[in-house]
Amino acid sequence: AHYIMGESFMKNENYPAARAAFDRVAPGHPDYIFAQHSLAIAYVHVPSLEQAAQALQRCLQEPTETEAQKEISNRSALLLGLLYYEQQALSQAVGALRLVPQGTYHYDEALLGMGWTALKARQWNDCISAGRELAARADYAELRADGLLLQGYAYLVQKDHLNAARVLDQALEIARTLVVPAADRVLAH
């Protein structure tokens with residue numbers, strides 16, 4: 001009941017009440033991992049990023065049995081990695097993003113995060129590697145193009161202009177197939 005109540009408070013943007021409700025879900029309860037993930041989101045809205053990171057770390061420490069629990073754990077690892085990225089804690093970002101298993105729903109986004117983290121850390125070979133894997137495996141054209149852009153940037157910095165031109169041409173071809181959503185549709189979401 002506390003988890004459902006917390007989600008209701010979240011929907012109404014009453015983050016203090018949501019945090020209080022999520023805090024009442026006891027460790028070991030089947031909804032605990034979900035409550036901790038939502039608690040992290042509530043802390044992001046405050047913002048209290050350190051407390052958000054702590055809640056996400058508790059998600060990752062919780063044993064998972066159901067597919068839903070495994071997926072929220074993967075989502076928590078992704079969010080924690082992106083949170084660390086934003087805080088410039090790049091090695092922690094990579095560590096969290098690597099917790100997202102290959103073949104799961106959030107893996108492509110984790111690859112994108114690893115690519116951007118490598119770029120920010122000036123680890124050009126890691127940037128190219130993550131970008132290459134993303135471009136080869138992503139279901140969404142936008143993510144494939146992002147993978148190619150990561151590679152292109154790293155190749156340019158390394159003055160490998162032929163490979164940069166090759167992957168950037170591929171990214172351009174993908175970009176030409178994309179349709180920009182109407183402004184009213186973007187604002188509605």
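Which residues does Ser38 touch, not counting residues up to four places away in sequence? Let me start there. The answer is Tyr3, Glu7, Met10 and Phe22. Ser38 sits in helix 3, residues 32-45. Its relative accessibility is 9%, so Ser38 counts as buried, the cut-off being under 20%.

One caution before I go on. This is a predicted model.

Now the overall picture. The protein chain has eleven helices and zero strands. Read along the sequence, the pattern is α-α-α-α-α-α-α-α-α-α-α. The C-alpha trace spans about 60 × 40 × 30 Å along its principal axes. The chain has 189 residues, and 43% of them count as buried. Take the contacts with a separation of 6 or more: 44% of those join residues 24 or more positions apart.

Back to helix 3, and its partner. Helix 3 packs with helix 4, residues 49-61. The angle is about 165°, and the axes are 8 Å apart. Since that angle is over 145 degrees, helix 3 is roughly antiparallel to helix 4. Their crossing is left-handed. Who makes the contact? From helix 3 come Tyr32, Ile33, Gln36, His37, Leu39, Ala40, Tyr43 and Val44. From helix 4 come Leu49, Gln51, Ala52, Ala55, Leu56, Arg58 and Cys59.

Look at the loop between these two helices. Pro47 is placed there. The peptide bond from Val46 to Pro47 is cis, with omega near -10°. That one is worth finding on the screen.

Two more backbone points, both in loops. The first topic is Glu13. Glu13 has a positive phi of about 60°, although it is not a glycine. You will find Glu13 in the loop between helix 1 (2-11) and helix 2 (15-23). Its relative accessibility is 59%, so Glu13 counts as exposed.

Then Gln88. Here phi is positive too, about 70°, and again the residue is not a glycine. Gln88 lies in the loop between helix 5 and helix 6 (90-97). Is Gln88 buried, exposed or partly exposed? At 49% relative accessibility, Gln88 counts as partly exposed, because exposed needs over 50%.

Next, the interior. In soluble globular proteins, nonpolar side chains tend to be buried together. In this model the largest nonpolar core has 29 residues. Val100, Leu111, Cys127, Leu134 and Leu148 have the most contacts inside it. Which helices each supply at least two residues of this core? Helix 5 (67-86), helix 7, helix 8, helix 9 and helix 10 (161-177). There is also a second, separate core. That one has 23 residues, including Ala18, Ala42, Leu56 and Ala96. Leu56 we met already, in the contact between helix 3 and helix 4.

Let me zoom in on helix 8, residues 124-137. Helix 8 has 14 residues. From first C-alpha to last, helix 8 reaches 20 Å, close to the 20 Å expected at 1.5 Å a residue. Its buried residues are Trp124, Cys127, Ile128, Ala130, Gly131, Leu134 and Ala135. What covers them? The cover includes helix 7 (107-120) and helix 9 (141-157).

Leu134 shows this at the residue level. Leave out residues up to four places away in sequence, and Leu134 touches Asp108, Leu111, Leu112, Leu143, Arg144, Asp146 and Gly147.

Helix 7 and helix 9 also pack with each other. Their angle is about 20°, with axes 10 Å apart. Under 35 degrees counts as roughly parallel, so helix 7 is roughly parallel to helix 9. This crossing is left-handed. On the helix 7 side we have Asp108, Leu112, Gly115, Trp116 and Leu119. They meet Leu143, Asp146, Leu150 and Tyr153 in helix 9. Note the overlap with Leu134: Asp108, Leu112, Leu143 and Asp146 are among the residues that Leu134 touches.

Last stop, helix 10. Glu173 is found there. Its relative accessible area is 45%, so Glu173 is partly exposed. Glu173 and Ala145 are 28 residues apart along the chain. How far apart are their C-alpha atoms? They are separated by 8.9 Å.

That is my tour. Over to you.

Definitions and conventions
Residues numbered from 1 in each chain as written. Predicted model: local features only at pLDDT ≥ 70, side-chain atom pairs only at ≥ 80, totals over all residues. Heavy atoms only, no water. Helix = DSSP H or I, 4+ residues; strand = E, 2+ residues; numbered from the N terminus. Buried < 20%, exposed > 50% of the residue type's maximum accessible area, 1.4 Å probe, protein only. Contact = heavy atoms within 4.5 Å. Expected span 1.5 Å × (residues − 1). Core = buried A, V, L, I, M, F, W, Y, C linked by side-chain atoms within 4.5 Å. Axes fitted to C-alpha atoms, helices over the stretch in contact; angles between N-to-C directions. Parallel < 35°, antiparallel > 145°, perpendicular 65-115°, else oblique. Left-handed = near helix turned anticlockwise from the far one by under 90°.
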